[in-house]
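Work through the exercises below with the structure open beside you. Try each task before reading its solution.

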Amino acid sequence: MPPPSRLRPARRTSFARRDSNLALLGALFAGVVLAFALLLLLLQRVNPELGSRMRGATADALSPIISVARAPVEGIRRIGGAIGDHRNVVAENRRLKAELAEAEARAAQAGKLEAEVKRMDALLGLRRPERRLVASAVASAVSASAGQRQAIISAGLADGVRPRMPVIAADGLAGRVTEVGQGAARVMLLTDADSRVPVKVLRTGWTGLAVGTGGTLMDFQFDIASGTDRIRVGDRLVTSGDGGLYPPGVPVGVIIDATANPPRARPLANPTGLGAVMVEAPWLPPPEIVAAAPAPGEPDRAVPTTPAAAPAAIVGGRPPAPAAVPAAGAAAAGAAVTR
Amino acid sequence: MTDFPRRIGDRGETLRRMVPAGTVLLALLVMALPLPLAWGVMPHVALLFVMLWASIQPRLMPAWGAFLLGLFADLLFGGPIGIWALLFAATVVVIRLIEASTEGHALLFDWVMAGLVALAAHLLAWQLLRFLGSSAPAAPFLAQAALTALAYPPVAAMAARIQLRLAVSAD
């Protein structure tokens, strides 16, 4: 430290100077860190694929940690379930017997119907796409971040799992694969705020979307299809097969609040206790376009021509509007040209 | 303070310095467990720990440390990468500013500040998610912010106990 000079005012001690320098450096560094984080986000806004590869890789690393950590949680849930089961085993047994008798009658009916449907399909030459199992895996939910409902499953790229594939649990649809690692994959659950599943109401046949809310429930968004019927509590939602991703008929949820707008549904597959799941191939993969000649016109199914249409218009009591005549003539000419 | 250089190679000392980051890491892992929760939301305990350590042990929770922890959170939760990294680092900066401009630690004041910071962080997280193309509604974020604010006193007590043990083991 230099001796105090008369010309210059006494300088601060080197210790204090170092401290303030450090603070300044710290602030600068914090600014750099914040700017870097912002840059990261902006890059992902420009290119959303950027983050997804990194996350796929971390799914691999996280899968073992989470499967170890969830063991005690799972154990406690099982014990709780077992105690509950024991307490009302008699009532449960009676109820199940009654249900079984009813179900057997219905199963016999269903067998008959199934045979009938098969015969009809054969008659029509209808081609039903088949569901194809890709892998089975164990799932664990990663659940406590607001808005995001995801799970990690223990099958990945090596097992043939790819993004977009539907994931189905024992009780119903679980979600779809969003990112894959080598031996693990991330699944977007039905309740994720970004999840949209095309569904239909089993009872009425109305179609709509089961939209995740980021909480524990889903919204059922649909267009009112009937003035007299309405959604009821207990209505079951199954996948409709629209969009070609999810196979049709997989249970999705059950309506628990019909008065809310849109109605609320609870997913049938409990997101926190998925257990074993199946990963299936997308039900209807997008068609591979090949060059083919357009189908030829079929003369015997052409639109009826003017001589048949004109008398009908006059019989109706009104002469045909002047504009309609040239239009009909043009249609006839068009039909002639296509022939 | 003055004996830092002497102890810097000490293994115990190095471990001791990792404790704040360790608590945040642990809190993140607990948050990622498949717990059967009522609304499917849990207080953001990790964010609370970041705030508390930035307040009582600023040297052990620098902005870049919070950034790395936030990066881990993003990877763990599976969202866009950088949201919590940005917010954790920003939280540290904001807490430093609050610390610099206020004196003393009244529980109520700290609690209100923590609540406000948590609310701002969750609203920002929500907006950033939307900015990155998600269509998440606000409700889960508000619920988590509220729960986080409610969870402040117990988490603060926990951090205080850890801090006490750190100080004792340092002697």
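The exercises that follow deal with a predicted model, beginning with a pair of helices and going on to strands.

**Exercise 1.** Determine how helices H5 and H6 of chain B are oriented towards each other.

*Solution.* Step 1: locate the helices. In chain B, H5 covers residues 83-101 and H6 covers residues 107-131.

Step 2: recall what has to be stated. A pair of packed helices is described by the angle between the axes and by the distance between them.

Step 3: read off both values. The angle is about 150 degrees, and the axes are 10 Å apart.

Step 4: classify the angle. Angles over 145 degrees count as roughly antiparallel, therefore H5(B) is roughly antiparallel to H6(B). The crossing of the two helices is right-handed.

**Exercise 2.** Find which residues of H5(B) and H6(B) meet, and sort them by class.

*Solution.* Step 1: list the H5(B) side. It consists of B:Ile83, B:Leu87, B:Thr91, B:Val94 and B:Ile98.

Step 2: list the H6(B) side. Here the residues are B:Met113, B:Val117, B:Ala121, B:Leu124, B:Ala125, B:Leu128 and B:Leu129.

Step 3: sort by class. The contact of H5(B) with H6(B) has eleven nonpolar residues, one polar residue and no charged residues.

**Exercise 3.** Describe the surroundings of strand E4 of chain A, residues 173-180.

*Solution.* Step 1: check burial. A residue is buried if 20 or more other C-beta atoms lie within 10 Å of its own. In E4(A), eight of eight residues are buried, and the strand is mostly covered.

Step 2: look at the pairing with E3(A), residues 166-169. E3(A) and E4(A) are antiparallel and share three bridges. A:Pro166 has A:Arg176 in E4(A) as its bridge partner. The two strands form a hairpin with three residues between them, and A:Gly172 in the turn has a positive phi of about 160 degrees.

Step 3: look at the pairing with E5(A), residues 185-189. E4(A) and E5(A) are antiparallel, with five bridges. A:Gly175 stands opposite A:Leu189 in E5(A). Four residues link E4(A) to E5(A) in a hairpin.

**Exercise 4.** In what order do the six strands of the chain A barrel follow one another, and how do E9(A) and E10(A) pair?

*Solution.* Step 1: give the order. The barrel closes as E6-E7-E8-E11-E10-E9, with antiparallel pairing. On average, neighbouring strands of this sheet are turned by 40 degrees against each other, direction ignored.

Step 2: take E9(A), residues 236-239, and E10(A), residues 251-257. They run antiparallel and are joined by three bridges. The bridge partner of A:Leu237 in E10(A) is A:Gly253.

Methods. Residues are numbered from 1 along each chain as its sequence is written. Chains are lettered from A and ligands numbered from 1 in the order in which they are written. This is a predicted model: local features need pLDDT of at least 70, side-chain atom pairs count only at pLDDT 80 or more; totals for chains, interfaces and linings use all residues. Axes are lines fitted to C-alpha atoms, for helices over the stretch in contact, and angles run from 0 to 180 degrees between N-to-C directions. Angles under 35 degrees count as roughly parallel, over 145 as roughly antiparallel, 65 to 115 as roughly perpendicular and the rest as oblique. A crossing is left-handed if the near helix is turned anticlockwise from the far one by less than a right angle, and right-handed if clockwise. Two residues are in contact if their C-beta atoms, placed from the backbone, lie within 7 Å. Ala, Val, Leu, Ile, Met, Phe, Trp, Tyr, Cys and Pro count as nonpolar, Asp, Glu, Lys and Arg as charged, and the others, Gly among them, as polar. A residue is buried if 20 or more other C-beta atoms lie within 10 Å of its own, exposed if 12 or fewer, and partly exposed in between; C-beta atoms are placed from the backbone. Two strands pair if DSSP finds at least two bridges between them.
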